[in-house]
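Trainee: Got a minute? I'd like to go through this model with you, starting with how the helices pack.

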2 protein chains.
Amino acid sequence: MVRWEPDGRGRLEQAALALFGERGFENTTVAEIASRAGLTERTFFRYFTDKREVLFSGSTMLQELLVDAVVGAPESASAIEAVAAGLDAVGAMFDGRQDHARQRQAVIVASAELRERELIKLATLGAAVADALGRRGVPAVAATLTAEAGMAVFRVAFERWVDDAGSAELQPLLRESLEDLRTAIAAP
Amino acid sequence: MVRWEPDGRGRLEQAALALFGERGFENTTVAEIASRAGLTERTFFRYFTDKREVLFSGSTMLQELLVDAVVGAPESASAIEAVAAGLDAVGAMFDGRQDHARQRQAVIVASAELRERELIKLATLGAAVADALGRRGVPAVAATLTAEAGMAVFRVAFERWVDDAGSAELQPLLRESLEDLRTAIAAP
DNA sequence: ATCCGTGATGTCAGTTGCTGACATCACCGT
DNA sequence: ACGGTGATGTCAGCAACTGACATCACGGAT
């Protein structure tokens with residue numbers, strides 16, 4: 001018999017998502033999350049710096065994926081093409097995870113605090129992409145703007161994907177949204 | 001003799017900015033801010049929902065200005081042109097406020113919590129602009145993307161304006177950044 | 001001139017997020 | 001058999017925030 005059940009971190013994440021879904025983020029106590037996971041409040045804060053962080057453990061993986069794809073895009077690709085390649089990789093990663101994404105997103109949009117956290121994760125992602133573009137030789141201002149545009153495309157496409165019952169795949173929505181952005185801001 | 005010194009709210013804002021600048025956001029207590037303003041912690045929380053909000057009272061004015069300019073743009077203007085008009089108005093508003101903006105921005109970038117708050121303010125601004133575009137008849141997805149692009153342009157231009165000692169006016173940087181974005185994401 | 005309602009402030013007690021310091025104790029290698 | 005290690009627990013404490021109630025100058029109504 002083992003001393004502790006395995007994967008305390010994962011149990012905390014599950015418990016948190018479930019409780020946030022039932023009573024909402026603000027009406028859930030860290031002590032309650034920990035208790036449902038069979039752990040202590042103190043242990044929760046050893047895994048997560050923050051009550052909010054428990055919903056964002058996937059963001060580092062997402063960042064690695066995106067950055068790798070941007071860096072690994074063919075040398076001939078322009079900045080925006082490299083970002084598009086990154087978005088393709090991200091789109092593929094979300095395949096089959098629509099249900100989980102929906103559940104999580106419902107919790108996030110219901111709480112201002114969690115929306116804040118999500119925005120800063122996206123901003124960090126954008127900065128990492130801009131940095132990756134920099135390593136490809138793209139000048140700083142253009143890199144930042146291209147990365148920010150990519151994040152805007154991601155936000156819009158992701159929202160459509162989560163809200164829309166009909167579309168099972170994220171990738172086509174990403175492509176579409178990038179095209180929409182292009183036509184939207186093209187000079188008249 | 002008056003019962004209370006006037007403009008408690010303003011005194012709290014000044015005291016907060018000063019203290020955050022001296023010791024940083026996390027090392028400043030709400031009680032300290034209130035005390036420097038000659039008030040009580042409880043009173044602070046009557047004016048501001050949050051310790052962070054004390055730095056963001058201007059954002060509602062910014063939003064009104066921007067939305068009004070977008071709505072009031074000539075009917076012939078495209079979505080992105082309406083947003084550009086809004087950015088012009090915003091650029092004009094910041095004339096002569098560079099010192100204050102710098103001081104405030106230094107405090108904000110030094111604190112993750114404050115950066116979060118700033119991002120959600122910008123996102124709210126973006127949503128308001130998208131809504132304004134919607135009232136101009138722009139379809140929802142295009143409206144969101146155009147507004148997000150506008151916010152990205154604002155972020156980048158504002159950062160350049162604050163960081164760069166040479167440029168006194170924000171407006172030209174906004175124009176430039178919009179052009180940069182256009183060329184950055186144009187189809188190859 | 002007196003009284004009374006009002007609004008900005010203060011006081012107090014309580015909950016919750018979060019942290020530092022220290023204790024515990026099964027497991028694992030020596 | 002033994003000692004080190006790492007994941008966990010316990011406890012005390014600060015600071016952010018909130019609800020309930022008190023205060024009291026001011027200004028208008030009587």
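**Helix packing and the chain contacts**

Mentor: Sure. In this predicted model, α8(A) and helix α8 (residues 140–163) of chain B pack at an angle of about 150°, with their axes 10 Å apart. Axes here are lines fitted to C-alpha atoms, for helices over the stretch in contact, and angles run from 0 to 180 degrees between N-to-C directions. Helices (H or I, at least four residues) and strands (E, at least two) are DSSP runs, numbered from the N terminus. That angle makes α8(A) roughly antiparallel to α8(B); the labels are roughly parallel for angles under 35 degrees, roughly antiparallel over 145, roughly perpendicular from 65 to 115, and oblique for the rest.

Trainee: Is the crossing of α8(A) and α8(B) left-handed or right-handed?

Mentor: Right-handed. A crossing is left-handed if the near helix is turned anticlockwise from the far one by less than a right angle, and right-handed if clockwise.

Trainee: Which residues of α8(A) and α8(B) meet?

Mentor: From α8(A) you have Val141(A), Thr144(A), Leu145(A), Glu148(A), Ala149(A), Ala152(A), Arg155(A) and Val156(A). They meet Val141(B), Thr144(B), Leu145(B), Glu148(B), Ala149(B), Ala152(B), Arg155(B) and Val156(B) of α8(B). Residues are in contact if their C-beta atoms, placed from the backbone, lie within 7 Å. By class, this contact has ten nonpolar, two polar and four charged residues. Ala, Val, Leu, Ile, Met, Phe, Trp, Tyr, Cys and Pro count as nonpolar, Asp, Glu, Lys and Arg as charged, and the others, Gly among them, as polar.

Trainee: Zooming out, how many residues of chain A are in contact with chain B?

Mentor: 29 residues of chain A, against 29 residues of chain B. On the chain A side, the elements giving two or more residues are α5 (79–93), α7 (112–135), α8 (140–163) and α9 (171–185). The most comes from α8(A), with ten residues. That side of chain A has 17 nonpolar, four polar and eight charged residues.

Trainee: And how are the two copies related?

Mentor: As by a two-fold rotation axis, because chain A can be laid on chain B by a turn of 180° and a shift of 0.0 Å along the axis, with an RMSD of 0.0 Å. The copies are superposed by least squares on the C-alpha atoms of residues with pLDDT of at least 70 in both. In chain A, the C-alpha nearest the axis belongs to Glu116(A), 2.8 Å from it. The copies meet through the same surface, because 100% of the interface residues of chain A are also interface residues in chain B.

Trainee: Changing topic: which residues come nearest to DNA strand D?

Mentor: Gly8(A), Thr40(A), Arg42(A), Thr43(A) and Lys51(B), out of 18 residues around the strand. A residue is near a strand or molecule if its C-beta atom, placed from the backbone, lies within 6 Å of it. At least two residues each come from α3 (41–47) of chain A and from α2 (30–36) and α3 (41–47) of chain B. The most, three residues, is from α3(A). The surface near DNA strand D divides into seven nonpolar, five polar and six charged residues.

Trainee: What about DNA strand C, which residues are closest there?

Mentor: Lys51(A), Gly8(B), Thr40(B), Arg42(B) and Thr43(B) are the closest of 18 residues surrounding DNA strand C. Here the largest share, three residues, comes from α3(B).

Trainee: Back to one chain. How many helices and strands does chain A have?

Mentor: Nine helices and zero strands. The C-alpha atoms of chain A fill a box of roughly 60 × 35 × 30 Å, taken along the principal axes.

Trainee: Within chain A, at what angle do α5(A) and α9(A) pack?

Mentor: About 150°, with their axes 8 Å apart. That makes α5(A) roughly antiparallel to α9(A). In α5(A), Ala84(A), Leu87(A), Asp88(A), Gly91(A) and Ala92(A) meet Gln171(A), Leu174(A) and Leu178(A) in α9(A).

Trainee: Last thing: how are the numbering and the confidence limits set?

Mentor: Residues are numbered from 1 along each chain as its sequence is written, while chains are lettered from A and ligands numbered from 1 in the order in which they are written. As the model is predicted, local features need pLDDT of at least 70 and side-chain atom pairs count only at pLDDT 80 or more, whereas totals for chains, interfaces and linings use all residues.

Methods:
Contact = placed C-beta atoms within 7 Å.
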